[in-house]
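Subject: The structure I promised you

Hi,

Here is the structure we talked about. Have a look at it first, then read my notes underneath.

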Amino acid sequence: VVRGLRGNSLYHVMAQRFDAYRRRVVRPFFDRIFGRLDRQVVLVDLLSHLARDGFGMPMLDDELGDLQQAMRLGRSWLPRQIRPTVEKVLYARTKADLVPDDQHDALLQRMRAAVGQSHETARFRGAETRVMTLAALAATREVTAEDRPGRRYVAGRHSDGNAYMHDPGDLANAPATGAGSAQGSNDLFAVERFLPPADIGRHAPWPHKRLDRAIEFLLGDDLA
(Lines give C-alpha, C1' and ligand atoms only; values in the text may rest on other atoms or scores of the structure.)
Protein backbone atom coordinates (compact mmCIF):
# COMPACT_ATOMS: atom_id res chain seq x y z
CA VAL A 1 0.00 0.00 0.00
CA VAL A 2 1.32 3.43 -0.94
CA ARG A 3 0.76 5.85 1.94
CA GLY A 4 -0.11 9.50 1.51
CA LEU A 5 -2.23 9.00 -1.62
CA ARG A 6 -5.85 10.06 -1.69
CA GLY A 7 -8.62 7.61 -2.48
CA ASN A 8 -9.21 9.23 -5.85
CA SER A 9 -5.53 9.14 -6.85
CA LEU A 10 -4.48 7.53 -10.11
CA TYR A 11 -2.80 4.75 -8.14
CA HIS A 12 -6.02 3.80 -6.33
CA VAL A 13 -8.11 4.02 -9.50
CA MET A 14 -5.73 1.69 -11.32
CA ALA A 15 -5.60 -0.70 -8.35
CA GLN A 16 -9.42 -0.87 -8.23
CA ARG A 17 -9.65 -1.54 -11.95
CA PHE A 18 -7.03 -4.26 -11.75
CA ASP A 19 -8.90 -5.96 -8.90
CA ALA A 20 -12.11 -5.76 -10.93
CA TYR A 21 -10.29 -7.29 -13.93
CA ARG A 22 -9.11 -10.22 -11.79
CA ARG A 23 -12.61 -10.81 -10.39
CA ARG A 24 -14.62 -10.41 -13.59
CA VAL A 25 -12.23 -11.71 -16.25
CA VAL A 26 -9.35 -13.78 -14.86
CA ARG A 27 -11.20 -15.79 -12.21
CA PRO A 28 -14.15 -16.81 -14.45
CA PHE A 29 -11.73 -17.76 -17.25
CA PHE A 30 -9.65 -19.83 -14.84
CA ASP A 31 -12.69 -21.62 -13.42
CA ARG A 32 -14.17 -22.23 -16.88
CA ILE A 33 -10.99 -23.52 -18.56
CA PHE A 34 -8.32 -24.62 -16.08
CA GLY A 35 -10.73 -25.72 -13.40
CA ARG A 36 -11.89 -28.59 -15.64
CA LEU A 37 -8.47 -30.05 -16.46
CA ASP A 38 -7.40 -33.48 -15.23
CA ARG A 39 -4.09 -33.64 -17.14
CA GLN A 40 -1.38 -30.97 -17.19
CA VAL A 41 1.55 -30.58 -19.58
CA VAL A 42 4.31 -28.17 -18.59
CA LEU A 43 6.44 -27.32 -21.64
CA VAL A 44 9.88 -25.87 -20.89
CA ASP A 45 12.21 -24.43 -23.54
CA LEU A 46 15.27 -25.44 -21.56
CA LEU A 47 17.73 -25.32 -24.46
CA SER A 48 17.10 -21.64 -25.15
CA HIS A 49 17.76 -20.82 -21.50
CA LEU A 50 20.99 -22.81 -21.47
CA ALA A 51 22.16 -21.23 -24.72
CA ARG A 52 21.68 -17.81 -23.06
CA ASP A 53 23.91 -18.78 -20.11
CA GLY A 54 21.01 -20.12 -18.08
CA PHE A 55 19.56 -16.73 -17.17
CA GLY A 56 16.07 -17.29 -15.83
CA MET A 57 16.61 -20.92 -14.84
CA PRO A 58 16.81 -20.21 -11.06
CA MET A 59 13.37 -18.57 -11.25
CA LEU A 60 11.72 -21.31 -13.31
CA ASP A 61 11.02 -23.70 -10.45
CA ASP A 62 9.49 -20.92 -8.32
CA GLU A 63 7.25 -19.81 -11.18
CA LEU A 64 6.06 -23.37 -11.77
CA GLY A 65 5.41 -23.73 -8.06
CA ASP A 66 3.25 -20.61 -8.06
CA LEU A 67 1.33 -21.95 -11.05
CA GLN A 68 0.66 -25.28 -9.41
CA GLN A 69 -0.59 -23.67 -6.23
CA ALA A 70 -3.57 -22.52 -8.29
CA MET A 71 -4.21 -26.01 -9.68
CA ARG A 72 -6.12 -28.83 -8.00
CA LEU A 73 -3.35 -31.44 -7.94
CA GLY A 74 -3.87 -35.06 -6.91
CA ARG A 75 -6.66 -37.58 -7.12
CA SER A 76 -9.95 -36.84 -5.39
CA TRP A 77 -12.45 -39.24 -3.88
CA LEU A 78 -15.16 -37.40 -5.78
CA PRO A 79 -15.89 -38.41 -9.40
CA ARG A 80 -13.97 -36.46 -12.05
CA GLN A 81 -17.22 -35.04 -13.44
CA ILE A 82 -18.08 -33.43 -10.08
CA ARG A 83 -14.67 -32.18 -8.98
CA PRO A 84 -11.98 -32.36 -11.65
CA THR A 85 -8.42 -32.57 -10.36
CA VAL A 86 -5.08 -32.75 -12.14
CA GLU A 87 -4.17 -36.41 -11.75
CA LYS A 88 -1.15 -36.46 -14.08
CA VAL A 89 1.52 -33.83 -14.72
CA LEU A 90 4.04 -34.13 -17.54
CA TYR A 91 7.12 -31.88 -17.43
CA ALA A 92 8.39 -31.88 -20.98
CA ARG A 93 11.60 -30.34 -22.29
CA THR A 94 10.76 -29.35 -25.87
CA LYS A 95 12.95 -29.20 -29.01
CA ALA A 96 14.86 -32.39 -28.19
CA ASP A 97 15.66 -32.73 -31.89
CA LEU A 98 18.13 -29.83 -31.65
CA VAL A 99 20.73 -31.95 -29.84
CA PRO A 100 22.04 -35.45 -30.71
CA ASP A 101 20.62 -38.44 -28.87
CA ASP A 102 23.88 -39.01 -26.99
CA GLN A 103 23.24 -35.75 -25.11
CA HIS A 104 19.63 -36.47 -24.19
CA ASP A 105 20.55 -38.03 -20.83
CA ALA A 106 22.36 -34.83 -19.83
CA LEU A 107 19.38 -32.83 -21.09
CA LEU A 108 17.00 -34.91 -18.99
CA GLN A 109 19.12 -34.36 -15.88
CA ARG A 110 19.09 -30.61 -16.51
CA MET A 111 15.33 -30.73 -16.89
CA ARG A 112 14.86 -32.64 -13.64
CA ALA A 113 17.00 -30.09 -11.81
CA ALA A 114 15.08 -27.18 -13.36
CA VAL A 115 11.65 -28.42 -12.20
CA GLY A 116 12.78 -30.37 -9.15
CA GLN A 117 10.81 -28.61 -6.42
CA SER A 118 7.56 -28.23 -8.35
CA HIS A 119 7.89 -31.85 -9.48
CA GLU A 120 8.20 -33.07 -5.91
CA THR A 121 5.32 -30.83 -4.79
CA ALA A 122 3.04 -32.31 -7.43
CA ARG A 123 3.97 -35.84 -6.35
CA PHE A 124 3.46 -34.98 -2.68
CA ARG A 125 -0.03 -33.67 -3.44
CA GLY A 126 -0.94 -36.99 -5.07
CA ALA A 127 -0.43 -36.38 -8.78
CA GLU A 128 1.33 -38.91 -10.97
CA THR A 129 4.27 -37.16 -12.62
CA ARG A 130 6.80 -37.72 -15.39
CA VAL A 131 9.78 -35.74 -16.69
CA MET A 132 10.91 -36.26 -20.28
CA THR A 133 12.44 -34.63 -23.32
CA LEU A 134 10.51 -34.61 -26.58
CA ALA A 135 10.00 -33.02 -29.98
CA ALA A 136 6.50 -33.08 -31.46
CA LEU A 137 8.08 -32.69 -34.91
CA ALA A 138 11.72 -33.66 -35.36
CA ALA A 139 13.23 -31.16 -37.79
CA THR A 140 16.71 -32.71 -37.79
CA ARG A 141 18.51 -35.99 -38.31
CA GLU A 142 21.76 -37.12 -36.72
CA VAL A 143 25.03 -37.20 -38.66
CA THR A 144 28.69 -37.83 -37.85
CA ALA A 145 31.28 -35.34 -39.06
CA GLU A 146 33.94 -36.85 -41.28
CA ASP A 147 36.69 -34.77 -39.67
CA ARG A 148 35.67 -35.77 -36.12
CA PRO A 149 34.88 -39.50 -35.97
CA GLY A 150 32.41 -40.34 -33.23
CA ARG A 151 31.20 -36.76 -32.82
CA ARG A 152 27.48 -36.58 -33.51
CA TYR A 153 25.85 -33.48 -34.98
CA VAL A 154 22.31 -32.57 -36.04
CA ALA A 155 21.52 -31.70 -39.64
CA GLY A 156 18.50 -30.41 -41.53
CA ARG A 157 17.06 -27.37 -43.29
CA HIS A 158 18.28 -24.24 -41.59
CA SER A 159 15.87 -21.36 -41.00
CA ASP A 160 17.28 -19.74 -44.17
CA GLY A 161 16.17 -22.81 -46.20
CA ASN A 162 19.66 -24.21 -46.85
CA ALA A 163 20.98 -27.60 -45.76
CA TYR A 164 22.96 -27.21 -42.57
CA MET A 165 24.94 -29.38 -40.13
CA HIS A 166 25.27 -28.08 -36.56
CA ASP A 167 27.34 -29.06 -33.55
CA PRO A 168 25.44 -27.67 -30.52
CA GLY A 169 28.44 -28.14 -28.26
CA ASP A 170 28.80 -29.80 -24.90
CA LEU A 171 25.49 -29.63 -23.05
CA ALA A 172 26.94 -31.20 -19.91
CA ASN A 173 29.22 -28.19 -19.38
CA ALA A 174 26.78 -25.46 -20.39
CA PRO A 175 26.25 -22.95 -17.54
CA ALA A 176 22.84 -23.08 -15.88
CA THR A 177 22.96 -20.10 -13.54
CA GLY A 178 24.00 -17.17 -15.67
CA ALA A 179 27.73 -17.85 -15.28
CA GLY A 180 28.67 -17.13 -18.88
CA SER A 181 29.99 -14.18 -20.80
CA ALA A 182 29.01 -10.60 -20.12
CA GLN A 183 27.17 -10.41 -23.43
CA GLY A 184 24.76 -13.17 -22.36
CA SER A 185 25.97 -15.68 -24.94
CA ASN A 186 27.27 -19.17 -24.25
CA ASP A 187 30.45 -20.24 -26.01
CA LEU A 188 30.11 -23.86 -24.84
CA PHE A 189 26.61 -24.54 -26.09
CA ALA A 190 24.40 -23.08 -28.82
CA VAL A 191 21.20 -24.01 -30.64
CA GLU A 192 20.08 -23.27 -34.19
CA ARG A 193 16.68 -22.93 -35.78
CA PHE A 194 15.66 -25.58 -38.31
CA LEU A 195 12.68 -25.83 -40.64
CA PRO A 196 10.55 -29.01 -40.80
CA PRO A 197 11.80 -31.64 -43.26
CA ALA A 198 10.74 -30.87 -46.82
CA ASP A 199 9.65 -34.43 -47.59
CA ILE A 200 6.98 -34.87 -44.89
CA GLY A 201 3.44 -35.18 -46.20
CA ARG A 202 -0.08 -34.67 -44.92
CA HIS A 203 -0.88 -38.36 -44.70
CA ALA A 204 2.54 -39.69 -43.67
CA PRO A 205 3.68 -40.06 -40.05
CA TRP A 206 5.70 -37.08 -38.86
CA PRO A 207 9.14 -37.76 -37.35
CA HIS A 208 9.17 -37.04 -33.63
CA LYS A 209 11.04 -37.63 -30.39
CA ARG A 210 9.07 -39.50 -27.72
CA LEU A 211 5.73 -37.86 -28.51
CA ASP A 212 4.14 -41.31 -28.40
CA ARG A 213 5.43 -41.84 -24.86
CA ALA A 214 4.00 -38.50 -23.76
CA ILE A 215 0.56 -39.38 -25.17
CA GLU A 216 0.72 -42.82 -23.58
CA PHE A 217 1.48 -41.33 -20.16
CA LEU A 218 -1.21 -38.65 -20.36
CA LEU A 219 -4.03 -40.56 -22.07
CA GLY A 220 -3.11 -44.24 -21.99
CA ASP A 221 -5.39 -45.11 -19.08
CA ASP A 222 -8.38 -43.38 -20.70
CA LEU A 223 -7.80 -45.10 -24.06
CA ALA A 224 -7.27 -48.59 -22.64
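Lys88 is buried, with a relative accessible area of 6%. Buried here means under 20% relative accessible area, exposed means over 50%, and partly exposed is anything in between (1.4 Å probe, protein chains only). Before you go on, please note that this is a predicted model, where local features need pLDDT of at least 70 and side-chain atom pairs count only at pLDDT 80 or more, while totals for chains, interfaces and linings use all residues. Residues are numbered from 1 along each chain as its sequence is written, and side-chain values use heavy atoms, with hydrogens and water left out.

Back to Lys88. What does Lys88 form a salt bridge with? Its partner is Asp221, and the closest N and O atoms are 3.7 Å apart. (A salt bridge is a side-chain nitrogen of Lys or Arg within 4 Å of a carboxyl oxygen of Asp or Glu.) Asp221 lies in helix H6 (residues 211-223) and Lys88 in strand E2, so this pair ties together parts that are 133 residues apart in sequence. Helices (H or I, at least four residues) and strands (E, at least two) are DSSP runs, numbered from the N terminus. Unlike buried Lys88, Asp221 counts as partly exposed, at 37% relative accessibility.

There is more to that spot: salt bridges that share partners join Asp38, Arg39, Glu87, Lys88 and Asp221 into one network. Within it, the side chains of Arg39 and Glu87 meet at 3.5 Å, N to O. Arg39 sits in strand E1 (residues 39-44) and Glu87 in the loop between helix H3 (57-69) and strand E2 (88-93), so to speak two distant parts of the chain, 48 residues apart. Both Arg39 and Glu87 are buried. The structure holds 10 salt bridges.

Another of them is in helix H1, where Arg22 pairs with Asp19, the closest N and O atoms being 2.7 Å apart. Because the two are 3 residues apart in helix H1, about one helical turn separates them. Arg22 is partly exposed at 45%, and Asp19 is partly exposed too, at 29%. Arg22 is also where H1 bends, by about 35°; the bend is the angle between axes fitted to the seven residues ending there and the seven starting there.

How far apart are the end C-alpha atoms of H1? They are 32 Å apart, which agrees with the 33 Å that 23 residues (10-32) should span at 1.5 Å a residue. The expected span is 1.5 Å times one less than the number of residues.

Now the rings. A search of the whole structure finds 2 aromatic pairs. One of them is Tyr164 with Phe194, a tilted pair with 6.2 Å centre to centre and 40° between the planes. (Rings of Phe, Tyr and Trp, taking its six-membered ring, pair if their centres lie within 6.5 Å; planes under 30 degrees apart count as stacked, over 60 as edge-to-face and the rest as tilted.) Tyr164 is in strand E6 (residues 163-166) and Phe194 in strand E7 (residues 194-195), 30 residues apart. Tyr164 is partly exposed at 33%, whereas Phe194 is buried at 12%.

Finally, the overall view. The protein has 6 helices and 7 strands, and 37% of its 224 residues count as buried.

Cheers
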